[in-house]
Amino acid sequence: MTTAASPLASPDRRMLVALVALVAGAIAMGVSPVFVRHADVGPFASAFWRAALALPVLAVWARLERRGDAPPPRWNRATIAAGVLFAGDLFFWHLAIMNTTAANATLLATLAPFWVMLASGALLKEPVTRAMALGLAVCLSGAAMLVGSSFALAPERLDGDFYGLVTSLFFGSYFIAMRFARRGVAGMTPGLLVYRSSLVTAAVLLVAALALEETLFPSSLKGIAMLVALGVFSHAAGQGLLAYALGTLSAGFSALVIFLEAVAAATMGYLFLGENVSLAQAAGGAVILAGIYIARPRSNAGVAVSSPARSDPARDGTIKNSPAPEAGDT
């Protein structure tokens, strides 16, 4: 008598778990504007506290992931680069918000997946499928609908528009660096990666906050609570789940799912900030979901390429495929 095969094979189950983690992480990051709006500090100070207050949670996460008494892997250039790039992403994002409309800043920042897909083939040696390219086009259309008629070019806002474009470059580069760090070193678990990169991010943003903000500390208990939520929920959970997913899913597809940040931000704004959502904007959110569905991984098509020689699936959630050139390691 033969035994029926499991309806969900191990690689498929790993992919499903990574996809759920990616969606949850995108939603957690998308809620961040609600916390920032009520944080009682300036934009650069809130960016610093976002990374700094996540560190205790991430330290515990990283320690729980360690097995036995084996020493953790050494620092590598990709981890440091990820921390610097995410600091740049937050810095220019806040500059964009301050110097152009929220609609312009949001739409220009959503170009990040475009840069990720361009770099996936050249740097990561991960194929960009037709479905992923089509999904990107659909998601960009949905993002334009979500922003709605608020998007407008004006000479007085060109600096802010430029900052929004730079934000997309930093965030796209951050994705690439995180993918390199996840696949490049055995034992580089999600918690350890985000903990180390957040140390770098917090250090860079502390310098920026001290130089550009009048005060670093919130003036109310509500402000403190919002900053703690920003650090624990949006950063520790959001970035940690993203790092976990990047151990299994390709950078190109993972970047597309981050379009859900815009959907989550619009939803939270409607529920908690009294912001209206028009029918066209709701349709834009639905189009984004359709684009992500079009680009979804099929079998191993959307699974990240890992290096068998240096990656342990039991420890970091990657799937073994043929070896690929690596970068960013010491």
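User: What is the mean pLDDT of the chain?

Analyst: This is a predicted model, and pLDDT is the predictor's confidence in each residue, from 0 to 100. Of the chain's residues, 85% reach 70 or more. The mean pLDDT of the chain is 82.

User: Which element has the lowest mean pLDDT, and which the highest?

Analyst: At the low end of the elements is helix α15 (residues 313-316), with a mean of 37. At the high end, with a mean of 96, is helix α10 (residues 190-212). The lowest is therefore α15 and the highest α10.

User: Over which residues does pLDDT stay under 50, and how many contacts beyond four places in sequence does the model have for them?

Analyst: One stretch is residues 1-9, with three such contacts. Another is residues 305-330, where pLDDT also stays under 50. Where pLDDT is low, the predicted coordinates should not be read in detail. For residues 305-330 the number of contacts is 73.

User: Is Arg-50 buried or exposed, and which side chain does its own side chain meet in a polar contact?

Analyst: Arg-50 is found in helix α3 (residues 43-52). Its relative accessible area is 8%, and under 20% means buried, so Arg-50 is buried. Its contacts outside the neighbours within four places in sequence include Met-29, Phe-86, Leu-230 and Gln-239. The polar contact of the Arg-50 side chain, at 3.5 Å, is with the side chain of His-235.

User: Where is Ser-250, and which backbone nitrogen does its side chain reach?

Analyst: Ser-250 is in the loop between α11 (221-245) and α12 (251-257). Its relative accessibility is 3%, so Ser-250 counts as buried. Ser-250 and Arg-179 are 71 residues apart in sequence, with their C-alpha atoms 8.0 Å apart in space. At 3.3 Å, the side chain of Ser-250 reaches the backbone nitrogen of Phe-253.

User: How many aromatic pairs does a search of the whole structure find, and what is the angle between the planes of Phe-114 and Trp-115?

Analyst: The search finds 12 aromatic pairs. Phe-114 and Trp-115 form one that is edge-to-face, with 5.1 Å centre to centre. Phe-114 is partly exposed at 34% relative accessible area, and Trp-115 is partly exposed at 27%. The angle between their planes is 70°.

User: Why is the pair of Phe-171 and Phe-175 edge-to-face?

Analyst: Both residues lie in helix α9 (residues 158-184), four residues apart, about one turn of the helix. Phe-171 is buried at 9% relative accessible area, and Phe-175 counts as buried at 1%. The ring centres are 5.3 Å apart, and planes over 60 degrees apart count as edge-to-face; the pair qualifies because its planes are at 85°.

User: Which residues do ring pairs link into a cluster, and over which ring does the charged end of Arg-296 sit?

Analyst: The cluster is made up of Phe-44, Phe-91, Phe-92, Phe-162, Tyr-163 and Phe-170. The charged end of Arg-296 is 3.9 Å from the centre of the ring over which it sits. That ring belongs to Tyr-293.

User: What does helix α13 reach from its first C-alpha to its last, and which residue with positive phi follows α13?

Analyst: Helix α13 (residues 260-272) has 13 residues and reaches 18 Å, close to the 18 Å expected at 1.5 Å a residue. Among its buried residues are Leu-260, Val-263 and Met-268. The residue that follows α13, with a positive phi near 70°, is Gly-274.

Terms used: Residues numbered from 1 in each chain as written. Predicted model: local features only at pLDDT ≥ 70, side-chain atom pairs only at ≥ 80, totals over all residues. Heavy atoms only, no water. Helix = DSSP H or I, 4+ residues; strand = E, 2+ residues; numbered from the N terminus. Buried < 20%, exposed > 50% of the residue type's maximum accessible area, 1.4 Å probe, protein only. Polar contact = N/O pair within 3.5 Å; in protein donor to acceptor, adjacent residues only side chain to side chain. Contact = heavy atoms within 4.5 Å. Expected span 1.5 Å × (residues − 1). Phe/Tyr/Trp six-rings, centres within 6.5 Å; stacked < 30°, edge-to-face > 60°. Lys NZ or Arg CZ within 6 Å of the ring centre and 35° of its normal.
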